[in-house]
Amino acid sequence: MGIVAGLDSSSAFTRIVVCDTDTGAVLRQGYAPHPVEPKATEVDPQAWLLSLGEAATGGLLEGVQAIGVSAQQHGLIPLDGQGNLVRAALTGNDKRAQVAAADLIDGLGSREAWAQAVGCVPQAAQAVSKLRWIARHEPEAAQRTAGVLQAHDWLVWQLLGRPARRTTDRGAASGTGYWSAATGFYRPDLVELALGHQVALPEVLGPSDAAGTTPEGLLISAGTGETMAAAFGLGVGAGDAVVSLGASGSVMAVHHEALADPSGMITSFADATGMHLPVIHTSNAVRALRGTAEMLGAEDLAELSELALKSTPGASGLVLLPYLEGERTPRLPHAAGTLAGLRRESMKPEHLARAAFEGMICSLGDALDVLRGRGVEVRRVFLLGAAAELPAVQAAAPGIFGTQVVVPQPAEYAALGAARQAAWALGVSQGTLAAHTPPAWQGASAQVFEPGEELAVGQAVRQQYVATRDEIHPGAFGQGA
């Protein structure tokens, strides 16, 4: 038996789990908030190290043989020729680069050109857009920038004592906008298009590779982004999709190849195992439930769920298209939400509550169908987020998605994924694991819901939603989702 640690440095805190290498059992945990505002758009990366040190106090890492690092994605840390910070790190939630992203799309010619080049279309969050923003707004800083890292790259580099070699992994690299998951290579020309000159880019390691060993003898694995680490910690594989229920929503699935999507709806990430994670985002998910709860005077989402279950599938004909903030999937940035099917008998609070839940799930079903339409197999869906615990969600999701639904127990999945990666790299270094076989840790504890006899009812609800969507927004998905 060995001991490894997984470190997850999110936008607001650091969590550390210490695990048994053979089983993945959590032996110890640590936590510390970052000494910065959770929604800060510019951060001194030293704050992440301070948080890490605080989370690791009390002998937490005693006996640990290897560490894996997961961190917030899409940040940008510009370094000068000596490896010093050129300016504060720009975090993923900094939206100032949206105009820069549009400039880059025009610079390469089209959204389709970007999708073909690197599997994604520039957004404000991505490193390539932030480079363009620095070039336009801070030309002196741009000129001094000689190398770039993301959060997990920088933390790994610091843990190793800032060696000459800087590394990343394919998961984090696939979110930069200048590395292609399909080809496995950087596009330096896109860096130059954004910044105006070339810079040093970190070496992209394989899933089971080690980034190096600390002066104290600790092995540090490649690390990865939070999304990829969480998928690895959950234990998802081919045939699995993960639906995240936040204010906005996301759907990702494990697939054997990168998916170039000219429409830009699919972002083609690489995962932490050598596979791929096509991801689709929706602008609206739980925000539609919260808005409905406010409209109906429900105290919280639990009360809204209870109310919804007093209705029946199909909500007496009510259909809510939950495009409250416009929508990314389908691409309707200027749309508003629509409530259709109003009749005298349907004008009751419980029917509106039910329509909100069904609308949210059907909208995510649209995203799931985009992936299915590209050949992605979906045998089961993992539902993440606090709203996944709501009975109304659990009642409707299996039938609407048309597949088994798994609701994992809350856990630190990104930190667990980082620890599992550390155990993999350690096993490979010791000759006890193969480079293509991650440690077989026990999967997440979960509730499992089958569509069963409700499948036909759920599919009828879905058809009612699709018919309304196509009537209000014809051609939103071409010939349909």
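**Strands, helices and salt bridges in a predicted model**

Modeller: Strand β16 (residues 240-245) and strand β22 (residues 380-384) run parallel as partners, joined over five bridges. This is a predicted model, in which local features need pLDDT of at least 70, side-chain atom pairs count only at pLDDT 80 or more, and totals for chains, interfaces and linings use all residues. Residues are numbered from 1 along each chain as its sequence is written, and side-chain values use heavy atoms, with hydrogens and water left out.

Biologist: What makes β16 and β22 a pair?

Modeller: Two strands pair if DSSP finds at least two bridges between them; β16 and β22 have five bridges, so they satisfy the rule. Within this pair, alanine 241 stands opposite valine 381 in β22. Strands (E, at least two residues) and helices (H or I, at least four) are DSSP runs numbered from the N terminus.

Biologist: Which order do the strands of the open sheet follow?

Modeller: The seven strands are arranged as β18-β19-β17-β16-β22-β23-β24, with mixed pairing.

Biologist: Why are β18 and β24 said to stand at the edges?

Modeller: β18 (266-270) and β24 (446-449) each have a single partner strand, so one side of each is left without a neighbour in the sheet. On average, neighbouring strands of this sheet are turned by 25° against each other, direction ignored.

Biologist: Why are helices α13 and α15 called roughly perpendicular?

Modeller: The axes of α13 (residues 391-401) and α15 (residues 455-472) cross at roughly 80° and come within 7 Å. Axes are lines fitted to C-alpha atoms, for helices over the stretch in contact, and angles run from 0 to 180 degrees between N-to-C directions. Angles under 35 degrees count as roughly parallel, over 145 as roughly antiparallel, 65 to 115 as roughly perpendicular and the rest as oblique. The crossing of α13 and α15 is therefore roughly perpendicular.

Biologist: Which residues of α13 and α15 meet?

Modeller: Gly399, Ile400 and Phe401 of α13 meet Leu455, Gly458, Gln459, Val461 and Arg462 of α15, where contact means heavy atoms within 4.5 Å.

Biologist: How do you know that aspartate 366 and arginine 462 form a salt bridge?

Modeller: A salt bridge is a side-chain nitrogen of Lys or Arg within 4 Å of a carboxyl oxygen of Asp or Glu. The N to O value for aspartate 366 and arginine 462 is 2.9 Å, so the pair qualifies. Aspartate 366 lies in α12 and arginine 462 in α15, so the salt bridge ties together parts that are 96 residues apart in sequence. Salt bridges that share partners join Asp366, Asp369, Arg372, Arg462, Arg469 and Asp470 into one network. By this rule the count comes to 16 salt bridges.

Biologist: What makes aspartate 366 and arginine 462 buried?

Modeller: Buried means under 20% relative accessible area, exposed over 50%, and partly exposed in between (1.4 Å probe, protein chains only). Aspartate 366 has 1% and is buried; arginine 462, at 5%, counts as buried too.

Biologist: Arginine 96 forms a salt bridge with aspartate 94; why is arginine 96 called partly exposed?

Modeller: Arginine 96 has a relative accessible area of 38%, which falls between the two cut-offs. Aspartate 94 is buried at 4%. The closest N and O atoms of this salt bridge are 2.7 Å apart.

Biologist: Why are arginine 354 and glutamate 358 separated by about one helical turn?

Modeller: They are four residues apart in helix α12 (residues 349-373), which means a separation of about one helical turn. Their side chains meet in a salt bridge (2.9 Å, N to O), and both arginine 354 and glutamate 358 are buried.
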